[in-house]
Structure formats: C-alpha cells, structure tokens
Amino acid sequence: MNILAVGANPDDIEFLCAGTLAVYANRGDTVFISYLTTGDKGSSDVPPEEMAAIRKEEAESSARIIGATLLPLGIPDGEVEVSLSLRRRIVEIIRKTKPDVVITHYKNDYMSDHNCTSRLVFDAAFWSMPKHFEGDPDSSPCLSLCPPLLYMDTLGGIGFQPQEYVDITDVMDTKIEMLSQHKSQIGYMNDRDGLDCLDYAKTMAKFRGYQCGVAYAEGFVPQRVYPSLSPKRVLP
Ligand SMILES: [Zn+2]
C-alpha cells in the first residue's frame, strides 16, 4: 500500500501518527510524509531562515528512520490558508503518491496551520479524482478513486474521540526516536509551553493504549463521506 501522511508543521506527524507509519513501513508499505510549513517560527532566538534549514534536517533524519519519502511544501509557519492554490498543490501530491490511505490533522486542532491543513487535505482528496481539475504542477494523472481519509489525534487529545486504534507497542521506541530528531522543538516547546515533548508522546500513546487494551496506541477518526468510504479497514 501507499500511505500519505500530511502534517502542517515539520514535527506534527511524529507527535500524532509516527507509530502507525512505522507499523506500515515495517510491513513493507511505502510511506510518504508531506508537511506544509518550513517550521521557520519554531524559535524565539534563531532567525526564521536559519530555523527552516535546521528543521528541514531534523525532518529528514526522522523520515530516514522508517525510510519515508518527504514532500515538504515550503510555506512559512502561520501562513497556511485554505486557498485554491494550496488545494492544487496538495492535489498534485495526492496524485503523485497514489495513496491507498491519507492521514491528516483533525478539523478542530489547536492552531490555524493544523486546521487549515485538515480542510485542504479533505478538499484535495476529492479533487484529486476529477480529470479536469488541475493540480500544481499539473503533471500527475488524476486518481480513479477518492482515497480514504483518516484524521489523527489533536494536540493533548482535546476534543478528539478515536473511532479506530493502532497498536504501536512494538514501534514505540521508533516513534520516540523519530520525535527525538526534532531537537530544536524539544527545547523550544519546553520554553514556550513547559511541554516535555517525549514525555507527552509517551503519555498520550499510553492513554490511547488504555482505551483499547494495549500498552501504546494511536487513535484515528475516519472521514465518513461519499465516495471515499471503504468496507475494509485501511489501518494496520
Ligand atoms: Zn504543528
């Protein structure tokens, strides 16, 4: 299977669904990770341009751990909007990767980049199908089916009730290793929010694990709309 996870900022995928991506990768699926912003505002001290370069390297080392292909869109932090131009760019990513499943942010997460990404991916999943809708760059053929879309957890799990779970117990170390590559954010989020990222990720996965009877889990909500519904479970 081809798996496409689309996050807003460079470390979101690691926080919210890296365990599941590791399970997919371990069983031989092809994993693509796209993220919309450069992460350039992820520091109070480092200038944005320098920060973007640091975060690119961090995202690359993380993706390398599970052999995922990165598809960054290069938008500055805080500038993701629900726009036709971005819809076209995400349509092209979906057409190019031909995903059997798409994972993105839940519609009500904690900040604009996340919420706009959720809407953009929802719209793009549908528009990747009609032949005469132009992607950007318009190079990949349209899809014959609308790929199933799954929403990943919110930050802090707030307002999110999973409907499906993935047991990530065997790959919990991999998830933590991936998140640990985002060294700049581990320091920044501690300073900004008093958040210990690694402890947070373990606690969230343990909490979701309690809900479904395993040690560590990630939770998802499938987007149930015509015509992307499938009678099959697409999660591992
Ligand atoms: Zn984020």
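Tyr-106, Tyr-151 and Phe-160 form one aromatic cluster. The model is predicted. Five aromatic pairs occur in the structure. A zinc ion is bound through Asn-9, Asp-12 and His-114. The whole structure has one cavity of 30 Å³ or more.

**Aromatic pairs**

- A pair of rings is described by the distance between the centres and the angle between the planes.
- The structure's aromatic pairs number five.
- Phe-15 and Tyr-200 have ring centres 5.7 Å apart and planes at 70°, so this pair is edge-to-face.
- That pair joins distant parts of the chain: Phe-15 sits in helix H1 and Tyr-200 in helix H7, 185 residues apart.
- Phe-15 and Tyr-200 are both buried.
- Phe-126 and Trp-127 also make a pair, with centres 5.0 Å apart.
- The planes of Phe-126 and Trp-127 meet at 85°; because this is over 60 degrees, the pair is edge-to-face.
- Phe-126 has a relative accessible area of 32%, so Phe-126 is partly exposed.
- Trp-127 is partly exposed too, at 32% relative accessibility.

**Zinc site**

- The zinc ion is coordinated by OD1 of Asn-9, two OD atoms of Asp-12 and NE2 of His-114.
- Donor distances run from 2.1 to 2.5 Å.
- The four donor atoms give angles of 56 to 136°, and the site is irregular.
- Along the chain, the donors follow the spacing N-x2-D-x101-H.
- Asp-12 and His-114 link distant parts of the chain, 102 residues apart.
- Asp-12 belongs to helix H1 (residues 12–26), and His-114 to helix H4 (residues 112–127).
- Asp-12 has 3% relative accessibility, so Asp-12 counts as buried.
- His-114 is buried because its relative accessible area is 0%, which is under 20%.

**Largest cavity**

- The largest cavity holds about 80 Å³ of space.
- Its lining includes Phe-15, Leu-16, Asp-153 and Lys-175.
- Also among the lining residues are Ala-201, Met-204, Ala-205 and Arg-208.
- Ala-217, Glu-218 and Gly-219 line the cavity as well.
- H1, helix H7 (197–212) and strand E7 (217–222) each supply at least two lining residues.
- H7 gives the largest share, with four residues.
- By class, the lining has six nonpolar, one polar and four charged residues.

**Where the topics meet**

- Helix H1 carries the zinc donor Asp-12.
- Helix H1 also holds Phe-15 of the edge-to-face pair with Tyr-200.
- Phe-15 is one of the residues lining the largest cavity.
- Helix H7 holds Tyr-200 and supplies four residues to the cavity lining.

Key:
Residues numbered from 1 in each chain as written. Predicted model: local features only at pLDDT ≥ 70, side-chain atom pairs only at ≥ 80, totals over all residues. Heavy atoms only, no water. Donors = N, O, S within 2.8 Å, 3.2 Å for Na, K, Ca; no water. Tetrahedral: all angles 85-135°; square planar, octahedral: opposite > 155°, others 65-115°. Buried < 20%, exposed > 50% of the residue type's maximum accessible area, 1.4 Å probe, protein only. 1 Å grid on protein atoms, 1.4 Å probe; cavity = no way out; pocket = protein on both sides within 12 Å on 5 of 7 lines; lining within 4 Å. Points joined across faces, edges and corners; volume = space filled by probe spheres on them. Nonpolar A, V, L, I, M, F, W, Y, C, P; charged D, E, K, R; others polar. Phe/Tyr/Trp six-rings, centres within 6.5 Å; stacked < 30°, edge-to-face > 60°.
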